[in-house]
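This report looks at strand pairing, empty space and charged contacts in one protein chain. The sequence and the structure are shown first.

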Amino acid sequence: MTISRVLTWDVTASNGYETAWAEVGDGELRARGRAVGTVPEPYWVTYELETGPDFVTRRLRVTVDTAARTRSLDLRRGDGGGWTADGERLPGFDAALDCDLGRCPLTNTMPVLRHGLHRRPGERRLLMAWVSVPALTVRPSWQTYTHLGGADRGTRVRFASGDFRSDVVFDADGFVRDYPDLAARLD
C-alpha cells in the first residue's frame, strides 16, 4: 500500500515554511519539497529525495537560491554504501544509510520508519550525511533516535546529536508533526 501525503511545516529554525509531497510504500520513500527561509539569510530550497529498500537513501538533489548565488548538490549513496557529492567520493560516510537535510523535518522520517521507532521501543545511534542549508556542505553527523512513548496525536522520539536534544512528535505514518525549536506541521 502506498501512502501519499502533502505536508507543510512552519519552520521556526529558518523563520520560514516547507512543503513536501511524499509517497511511502514497500519500504521506500520518494519526496519532493520546497522551502523558504530568512535565517541565516533569505533563501529558497527545492529538493528531491529518493530511497531504496528499507528507506535507505539513494539520492538527494538540492538547489538553494540566495540573493548572491544559486548552489546545487547531487548527493548519492551507492548500493555498496559509498557516498558521492556531485560525483566526487565522500570519505568517512560508508556507515551512513541516510541523508539529513538541514532545517528539513522530512529527512528525520527514514531512520524512524526503518527502525519502527514511531511504533515500538528502541534506540538507534546512526551516522548521517548531514547537508547544511543554505551552504550545501556535507559532513558526517552521529545522531541518536530514542522511542519515548505516546504523545498527543503521535509518538515522541528523542533526537540527539552532539549537545543538541529535542523530543520530536511523529504521526502514525512516521512523519514529523512537531519538532521543538525546528518546525511544527500545519494541519
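## Cavity, pockets and salt bridges

Strand S4, which covers residues 43–51, contributes three residues to the lining of the largest cavity, and this is the largest share of that lining. The model is a predicted one, and the structure holds one cavity of 30 Å³ or more. About 70 Å³ of space lies in this cavity, and its lining consists of Val11, Ser14, Glu18, Ala35, Tyr43, Val45, Tyr47, Leu101, Gly102, Arg103, Cys104 and Val133. By residue class, the lining of the largest cavity divides into eight nonpolar, two polar and two charged residues.

Two pockets can be described alongside the cavity. The largest pocket has a volume of about 360 Å³, and of the 19 residues that line this pocket, Arg103, Trp130, Phe159, Tyr179 and Leu182 are the closest to its centre. Strands S9 (98–101), S11 (138–151) and S12 (154–161) each supply at least two residues of that lining, with S11 giving the most, namely three residues. Arg103 appears in the lining of the largest cavity and also among the residues closest to the centre of the largest pocket.

The second largest pocket holds about 160 Å³ of space, and its lining includes Trp21, Glu23, Arg30, Arg32, Glu48, Glu50, Arg59 and Arg61. At least two lining residues come from each of S2, S3 (28–37), S4 and S5 (57–66). The classes found in the three linings are set out below.

| Space | Volume | Nonpolar residues | Polar residues | Charged residues |
|---|---|---|---|---|
| Largest cavity | about 70 Å³ | eight | two | two |
| Largest pocket | about 360 Å³ | nine | six | four |
| Second largest pocket | about 160 Å³ | four | no | seven |

The strand pairing around S1 comes next. Strand S1 (residues 3–11) pairs with strand S2 (residues 16–25) in the antiparallel sense over nine bridges, and within this pairing Leu7 has Ala20 of S2 as its bridge partner. Four residues lie between the two strands of this hairpin, where Asn15 takes a positive phi near 55 degrees. S1 is also joined to strand S15 (residues 183–185), again in an antiparallel arrangement, by three bridges, and here the bridge partner of Asp10 is Ala184.

Which parts of the chain does the salt bridge between Arg5 and Asp171 tie together? The structure holds 14 salt bridges, and in one of them the side chains of Arg5 and Asp171 meet at 3.1 Å, N to O. Because Arg5 lies in strand S1 and Asp171 in the loop between strand S13 (164–170) and strand S14 (176–179), this pair ties together parts that are 166 residues apart in sequence. Asp171 also forms a salt bridge with Arg185, with the closest N and O atoms 3.0 Å apart. Since Arg185 belongs to strand S15 and Asp171 to the loop between S13 and S14, this second pair ties together parts 14 residues apart in sequence.

Asp171 counts as buried, because its relative accessibility is 4%, and Arg185 is buried as well. A network of salt bridges links Arg5, Arg153, Asp171, Asp173, Arg177, Arg185 and Asp187.

A further salt bridge joins Arg58 and Glu50, with the closest N and O atoms 3.5 Å apart. Here Arg58 is partly exposed, at a relative accessible area of 31%, and Glu50 is likewise partly exposed, at 21%. Glu50 is also one of the residues that line the second largest pocket.

Notes:
Residues numbered from 1 in each chain as written. Predicted model: local features only at pLDDT ≥ 70, side-chain atom pairs only at ≥ 80, totals over all residues. Heavy atoms only, no water. 1 Å grid on protein atoms, 1.4 Å probe; cavity = no way out; pocket = protein on both sides within 12 Å on 5 of 7 lines; lining within 4 Å. Points joined across faces, edges and corners; volume = space filled by probe spheres on them. Nonpolar A, V, L, I, M, F, W, Y, C, P; charged D, E, K, R; others polar. Pairing = 2+ DSSP bridges. Salt bridge = Lys/Arg side-chain N within 4 Å of Asp/Glu carboxyl O. Buried < 20%, exposed > 50% of the residue type's maximum accessible area, 1.4 Å probe, protein only.
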